[in-house]
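Biologist: Please take one part of this model and go through it closely. I would like to see how a sheet is put together and what lies against it.

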Amino acid sequence: MAGGNERSVKALKEVWKRAENSLCADCGKPDPDWASSTLGVFICLSCSGIHRNIPSISKVKSLKMDYWDNAQVQFLAKHGNAVTKAIYEAHIPIYYYQPTYNDCQVLREQWVRAKYERKEFTEPGKQLPYSDGVKEGILWKRGRDNGQFLPRKFLLSEREGCLKYFTKQDAKEPKINVKIDVINATFQPEKIGNPNGLQITYLKDNKTRNIFVYHESGKEVVDWFNAIRSVQFHYLKVAFPIASDNEIKNRLTRNFLKEGYMEKTGPKQREAFKKRWFTLDHRRLMYFKDPLDAFAKGEVFVGSGENGYSVQKGLPSGTQGNFSWPYGITIVTPDREYLFTCETETDQLDWIRAFTSVINQAMTPQEYAIEAYFKFKS
């Protein structure tokens, strides 16, 4: 802590080490070492950069390197994360996605702006742009065949329980009409190549279809994301009336467990291994020729250990298919073994951890039905 009298420095340390201030007020990252002298919250370095972009609301300083005068320290002592969160997070809708430090920049920035700049959660019953059950607007959508992003009209309707998009503004019929309960949405800025890139997936004939969109406005794309969650939440409340709010919240949009390149061989295990992009969406392991493909080339169901599924490090001895990556993984199912290779040992261990986390979970009745479909299809 640079400068300041000894009493002020000691008081700052005491406030800083309170349990309530041990995590970043905005993203939950441990050991925050920055604070807002105008809001009274303790935040991490990354969130301090977001606060710095709203100087009319928040003035940030390093707890280690900057000078804090007595008045500023007293302000921190009177506020802190618990008091400030009680004000700015008093009325967050149950479905609203609260990002963590693992989430992308646009989600974290709009969360900070929603709290402190727009004060969306300070009053009960406040009308929010993602809460009225209908959202209509333009999103830039990637073409399935040509890869071009073109403006398309999207319509989300709680009353109809669906998401639609239209190829033309004045089109009477939508290109797609997807029931809200089969939709997932996850931010994919790196994959899409846009900081506001959103991947919308849905099931069609029990196959996963990908749509890649973005909007120039970070606020608008995050509003779309939370509008989808809002409509899903209210749909599921009707469909599962005895389920708790938290149970339903856990069934809303989800991030993929793991994505990345691996090599795979065919069912005879004598073919050459081919490089594919893999996405593990809970029990669905999908593989694509290109990360931005609309449809997967194939899917593998990953069940639970008690039902005969396991993951093993390495490949079976005598594997005949040619492969260029040396770090093997074998997924064992009741019907066959699936063989993959990874480029690095780190990738191999990350994939094994992801598969293990799924295999260690008991299957739900719905997942037994999905497993039966996969077996029937094969």
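Modeller: The answer below goes through one sheet, strand by strand, and then its surroundings. This is a predicted model, in which local features need pLDDT of at least 70 and side-chain atom pairs count only at pLDDT 80 or more, while totals for chains, interfaces and linings use all residues. Residues are numbered from 1 along each chain as its sequence is written, and side-chain values use heavy atoms, with hydrogens and water left out.

The sheet is open and has seven strands, in the order E14-E13-E12-E11-E17-E16-E15, with antiparallel pairing. Strands (E, at least two residues) and helices (H or I, at least four) are DSSP runs, numbered from the N terminus. Two strands pair if DSSP finds at least two bridges between them. At the edges are E14 and E15 (310-313), each of which pairs on one side only. On average, neighbouring strands are turned by 35 degrees against each other, direction ignored.

Consider the edge strand E14, residues 298-301. Four bridges join E14 to strand E13 (residues 284-288) in the antiparallel sense. Opposite Gly298 of E14 stands Tyr287. In a regular strand the side chains alternate between the two faces of the sheet. In E14, Gly298 and Val300 lie on one side and Glu299 and Phe301 on the other, and all four are buried. Buried means under 20% relative accessible area, against over 50% for exposed and partly exposed in between, with a 1.4 Å probe and protein chains only. Both faces of E14 are therefore covered.

Helix H9 (residues 345-359) packs on the sheet. The strands that H9 touches are E11 (258-264), E12 (274-281), E13, E15, E16 (327-332) and E17 (337-342). Here contact means heavy atoms within 4.5 Å. The direction of H9 makes about 160 degrees with that of E15; axes are lines fitted to C-alpha atoms, for helices over the stretch in contact, and angles run from 0 to 180 degrees between N-to-C directions.

As for the wider setting, the chain is divided into domain 1 (6-117), domain 2 (134-250) and domain 3 (258-376), with bounds from an automatic or database domain assignment. 14 residues of domain 2 are in contact with 14 residues of domain 3.
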